[in-house]
Structures are given as structure tokens and as C-alpha cells.
Amino acid sequence: MQENTVIYTHGHHESVLRSHTWRTAQNSATYLLPHIKPHMHILDIGCGPGTITLDFAQLIPQGHITGIEPSPGHVLTQARETAQTRGIKNVEFRTGDIFKLEEMFGQGTFDIVHVHQVLQHIDRERVDEALVQMRAITKVGGIVAAREVDFAAMTWFPASGGMTEWADTYQVVARANGGEPDAGRRLVSWALKAGFARENITASAATWCFSTPEEREWWSKLWADRTLASNFKTTALKNGLADEEKLNRISASWTEWGKSEDGWFSVLNGEIICRVE
């Protein structure tokens, strides 16, 4: 099996984890919550700092959840520390490869296998392979669930040339890194290629919206900082897709948008629930 050489566009800079730790099961996985039962065993792929993982854990007091990240590091340490702080015991955080799940866990191990904002960052030519692996370790009657943003569907007001420049630059940087930034609209297609029957795929969509003064300040500062400090900057410069002047201009545009009293930003997420037969 070929090695995964795709670069994670965001990385785990503080400005990225600031966003990831904001995520909860309630604001990022409501489509899945009705399917979670107290006895279930769940795998959360790309768990990051574990906030969604730990919310799931509290919904399965007689069950267990495992969260995996592709490499060891401070993000898994943070997840374990958060679990300890919250007093949650029925969870394990470990390293794992989305392309080697069957080798790691065996067939039919989990009731639910979940990814959130992960498929967009793996090799876009191998997403169906990852979904095949997810299906293999899911019990018959279980669920493979995915939620992914669709960057081209993001929209905002007021119009801003700098923000448009950010969106265009993000697209080329993410694709140069091997990923697919418009993953949300492709989820059904990827699931079909992975062998799921169409009648076993339920598709939906949900949004995040940032409009209040507090939301605008948080969202704009997050992206202004990411543009200048995260892996996005590193790979953009390395691949010659932006220079320092351009990135500074984009960051300033985010800051300016955040100050707009009538500012509004919406993020569209595609969602799928795939039943395993």
C-alpha cells in the first residue's frame, strides 16, 4: 500500500487548535447524535484535541470510544489531559492511520466510525480507499459517518477583495498539498466509489454562522492568525503560491472584516451517514 505523503494544510498551530477546541458534538455532529446509543463502541478518526470525542463518550456510558491521530504529539496529550479534567474514563487516544484501520482494529469492531473535517485533508485520490477501511471495521448494521466543509460554498458579507483572495489562495494551497477543499459536495460520490449502495447513504448539510460581535472577532482573528502562523503559510510560501506581502494583505482583510458591524460569514458542511450491510 502506498504511503500517504499529503501535507495537513492547517497543522496544529495554536490558531488551528483554537478552532478545534471550540467544536462540540452539539455544534459539529448533530446529524449523528440520534444514532448514538449508550452501549456503543465508536472510533473517532482525526480526533484532534478530543472535544467532540469526549462529548460522544458521555453519550455512551456503557460503551467506549477511541480517538486517533496520525502522529503523536501535543494534540493527543491535550486530548488526554482534557479527558482527565472532565473525569471521562471510557475513552482512549492513540495514533492511527486511516489507510490501515483494518490492520489496526480488525473487521466489524465498531458500531460507529466517525470523521469530522478529515477527508478533505487526505490524498484526494484515495478518499474512497479510506472509506473502504472505515466500512471494514464497522459492524454490520453500524454507521460510517462523515462531515466535511465545502470551501467554495463559504460565503460572507460585506464583499472584500482580500477575502476573495484568501478563498482563492486556500483552494490552490490545499490542492497543492494533495487534499480536496470542496469535500462537502463530494461525500456521496466518494461513498458510492467506496462501494456503499445509494439507498444506504443519507446525505444532509449544516452550517456554522459567525455574525455577532463576539463571533466575528473570534472567527476573523483565528483566520488572520492562521494566515500568518500556521502550516497554511509554510506550505504556501514553500510551493510559491503566495509571498509574505500577499499573506499579510489577506490577514489584514480578515481583521478588517471582523470589524464590520454588518459582517456575516457562513460555512457549509456536507454530511453523510452510511449504513453497513
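In which helix is Ala 130 found? In this predicted model, Ala 130 belongs to helix 6, which spans residues 127-136, and since its relative accessibility is 0%, Ala 130 counts as buried. Once the neighbours within four places in sequence are left aside, the contacts of Ala 130 are with Ile 98, Phe 99 and Ile 122. For Phe 99, which stands 31 residues away from Ala 130 along the chain, the separation between the two C-alpha atoms is 5.4 Å.

From this single residue one can step back to the whole chain, which has 11 helices and eight strands. Its radius of gyration is 19 Å, close to the 19 Å that the globule rule gives for 277 residues, so the chain is as compact as a globular protein of that length. Taken along the principal axes, the box filled by the C-alpha atoms is roughly 50 × 40 × 35 Å. Of the 277 residues, 54% count as buried, and the accessible surface comes to about 11,900 Å², with 51% of that area belonging to carbon and sulfur atoms. When contacts are restricted to residues at least 6 apart in sequence, 79% of them join residues at least 24 apart. As for charge, there are 27 positive and 34 negative charges in the chain, and the mean positions of these two sets are 2 Å apart.

A buried position in a strand offers a second local example. Thr 66 lies in strand 2, residues 64-69, and with a relative accessible area of 6% it is buried, because the cut-off for that class is under 20%. Leaving aside the neighbours within four places in sequence, Thr 66 is in contact with Ile 42, Leu 43 and Asp 44 on one stretch of the sequence, and also with Glu 92, Arg 94 and Phe 110. Helix 3, residues 51-59, is mostly covered, with seven of its nine residues buried. These are Thr 51, Ile 52, Thr 53, Leu 54, Asp 55, Phe 56 and Ala 57.

The backbone also has some conformations that deserve attention. Gln 117, which is not a glycine, has a positive phi near 55 degrees; this residue lies in the loop between strand 4 (110-116) and helix 6, and at 8% relative accessibility Gln 117 counts as buried. Further along the chain, Phe 157 and Pro 158 are joined by a cis peptide bond, with omega at about 0 degrees, and Pro 158 is placed in the loop between strand 6 and helix 7.

The elements on either side of that loop lead to the aromatic residues. A pair of aromatic rings is described by the distance of the centres and the angle of the planes. In this chain the count comes to 24 aromatic pairs. One of them is formed by Trp 156 and Trp 166, whose rings are 6.1 Å apart centre to centre with 65 degrees between the planes, an edge-to-face arrangement. This pair links distant parts of the chain, with Trp 156 in strand 6 (residues 155-157) and Trp 166 in helix 7 (residues 161-176), 10 residues apart. Both Trp 156 and Trp 166 are buried.

Another pair involves helix 7 as well: the ring centres of Tyr 170 and Trp 223 are 6.1 Å apart and their planes stand at 85 degrees, so this pair, too, is edge-to-face. Because Tyr 170 lies in helix 7 and Trp 223 in helix 9 (residues 213-229), the pair ties together parts that are 53 residues apart in sequence. Tyr 170 counts as buried at 1% relative accessibility, and Trp 223 is likewise buried, with a relative accessible area of 2%.

Helix 7 and helix 9 reappear around helix 10, residues 231-238, whose buried residues are Phe 232, Lys 233, Thr 235 and Ala 236. What, then, does the cover of the buried residues of helix 10 include? It includes helix 7 and helix 9, together with helix 11 (244-258). Just after helix 10 comes Gly 240, which takes a positive phi of about 70 degrees.

Conventions: Residues numbered from 1 in each chain as written. Predicted model: local features only at pLDDT ≥ 70, side-chain atom pairs only at ≥ 80, totals over all residues. Heavy atoms only, no water. Helix = DSSP H or I, 4+ residues; strand = E, 2+ residues; numbered from the N terminus. Rg over C-alpha atoms; globule rule 2.2 N^0.38 Å. Buried < 20%, exposed > 50% of the residue type's maximum accessible area, 1.4 Å probe, protein only. Contact = heavy atoms within 4.5 Å. Areas by Shrake-Rupley, 256 points an atom, 1.4 Å probe, with all protein chains shown as cover. Lys, Arg positive; Asp, Glu negative; His and termini not counted. Charge placed at Lys NZ, Arg CZ, Asp CG, Glu CD. Phe/Tyr/Trp six-rings, centres within 6.5 Å; stacked < 30°, edge-to-face > 60°.
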